[in-house]
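User: I should like to go through the structure below in terms of its helix packing, its sheets and a few individual residues. Please reason briefly before each answer.

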Amino acid sequence: MSMAHGRDRILVTGWFSLLHGEATAGDVLALARVEEVLRGAGLAYDVVWSPGFRADGTHFADVDPAAYSRLLFVCGPVHGPQVEELHRRFAHCVRIAVGVSVVDPASPAVTGFDRVLARDGAGAGPGLDLAARAPRLPGVPVVGVVLTHGQHEYGGRRRHAEVAAVLTRWLAGKDCARLELETRLDARDWRLCGTPAQLESVLARLDLVVTDRLHGLVLALRAGTPALVVDPVTGGAKVTAQARACGWPALVAAEAVARDPGPAGRESGGGEPGGREPGGRELERWWRWCLGEGRDAAARIGAGFRAADAVADAADGLVAALGAVRGAG
């Protein structure tokens, strides 16, 4: 037992600890609530993480059961063989489940605990979920991601797949809430917006849009939301042209983001020093700008689209063109 080592340490576990479990936002917030209580009581503890969720955390493979005298299981259902295995491996520990759902009170997963502080299903009235009173969290940017993998008309200049791969890897490392969006409309698919107004309502509520699409740029600016734009075509094409027409500076070339091709068309795999993605410095620079002064710039440009003295577009010459065609006929 841990007491033999002069230790009285608590091991905190949950479904977020198990190799084939899952880490939900609610479970991790429930853990934060338990940690808050443990710290307030001056109790020493360690948290076990699934290697699939936090590769750099403490995993069960690293844990010496004898170093602990108590085990907590936080949130989720107490059910199944993985929970039962905890009872076997930590049989010497006092084991407590906190904020959990009891599906089957007679299950060994439940009866193995010395005490169950249930959230629901234990015969008593339901209790407040632990996540509700978890410590408040700092806000993070909400980022819409609008990417395309197509546009075959650009032939050998297409770098859409490479650009999308780099951008999504880069975004995965940013502390932000990512929301994948699509400019394609479909009233039959609940996952897609059915009207432009629906999409614009989403864009207007974002902090930033990351896109390699012309309309990802234009619709973001219409909504007054800054856009970090990458032109996915070598040498620049319609996305670059539109950024210039809008007067929008947060534009990165495909060549700065996608990896340079090596000999015989093979990718060299080169990147920024320290393993950073190619073009990472440009992306970071414009990320900071978009979330700073770029917010005001986007609002000004969006308002300018609707102003009486707005920059001319092709439709402004349409009536004259129609008249000229009719006259020529």
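User: Which residues in α9 are met by Leu 167, Trp 170 and Leu 171 in α4?

Analyst: The model is predicted: local features need pLDDT of at least 70, side-chain atom pairs count only at pLDDT 80 or more, and totals for chains, interfaces and linings use all residues. Residues are numbered from 1 along each chain as its sequence is written, and side-chain values use heavy atoms, with hydrogens and water left out. Elements are DSSP runs numbered from the N terminus (helices H or I, at least four residues; strands E, at least two). Taking contact as heavy atoms within 4.5 Å, Leu 167, Trp 170 and Leu 171 of α4 meet Leu 283, Glu 284 and Trp 287.

User: How do the residues of the contact of α4 with α9 divide by class?

Analyst: Nonpolar covers Ala, Val, Leu, Ile, Met, Phe, Trp, Tyr, Cys and Pro, charged covers Asp, Glu, Lys and Arg, and polar the others, Gly among them. On this basis the contact of α4 with α9 contains 5 nonpolar, no polar and 1 charged.

User: Which term describes how α4 and α9 are placed relative to each other?

Analyst: Helix α4 (residues 160-172) and helix α9 (residues 280-291) pack at about 60° with their axes 12 Å apart; axes are lines fitted to C-alpha atoms, for helices over the stretch in contact, and angles run from 0 to 180 degrees between N-to-C directions. Angles under 35 degrees count as roughly parallel, over 145 as roughly antiparallel, 65 to 115 as roughly perpendicular and the rest as oblique. The two helices α4 and α9 are therefore oblique.

User: How do the axes of α6 and α7 compare, and what term follows for the pair?

Analyst: The axes of helix α6 (residues 214-222) and helix α7 (residues 238-246) come within 9 Å of each other and cross at roughly 20°. That angle makes the two helices roughly parallel.

User: Which residues of α7 take part in its contact with α6?

Analyst: On the α6 side the contact involves Leu 214, Leu 217, Val 218 and Leu 221. By class, the contact of α6 with α7 has 7 nonpolar, 1 polar and 1 charged residues. The α7 side consists of Lys 238, Val 239, Gln 242, Ala 243 and Cys 246.

User: Is Gly 216 buried or exposed?

Analyst: Gly 216 lies in helix α6 and, leaving aside neighbours within four places in sequence, is in contact with Val 146, Thr 183, Val 209 and Thr 211. Its C-alpha atom is separated by 7.1 Å from that of Thr 183, which is 33 residues away along the chain. Buried means under 20% relative accessible area, exposed over 50% and partly exposed in between (1.4 Å probe, protein chains only). Because its relative accessibility is 4%, Gly 216 counts as buried.

User: Which strands stand at the edges of the open sheet β7-β6-β8-β9-β10?

Analyst: The 5 strands of this sheet pair in parallel, where pairing requires at least two bridges found by DSSP. Each edge strand has a single partner strand, so one side of each is left without a neighbour in the sheet; these are β7 (177-180) and β10 (251-253).

User: What angle does the direction of α7 make with that of β9?

Analyst: Strand β9 (residues 227-231) pairs with β10 in the parallel sense over 3 bridges, and Val 229 has Leu 251 as its bridge partner in β10. Helix α7 packs on the sheet, touching β9 and β10, and its direction makes with that of β9 an angle of about 140°.

User: How many residues of β9 are buried?

Analyst: Ala 227, Val 229 and Asp 231 point one way from β9, while Leu 228 and Val 230 point the other way. On its β8 (residues 208-211) pairing, β9 is joined by 3 bridges, with Thr 211 opposite Val 229. The strand β9 is largely enclosed by the rest of the structure, because the number of its residues that are buried is 5 of the 5.

User: In the sheet β2-β1-β3-β4-β5, by what average angle are neighbouring strands turned?

Analyst: This open sheet of 5 strands has parallel pairing. Neighbouring strands are turned against each other, direction ignored, by an average of 15°.

User: Which residues does Ser 107 touch, not counting residues up to four places away in sequence?

Analyst: Ser 107 is placed in the loop between β4 (94-101) and α3 (108-111). At 6% relative accessibility, Ser 107 counts as buried. The residues touched by Ser 107 are His 79 and Glu 84.
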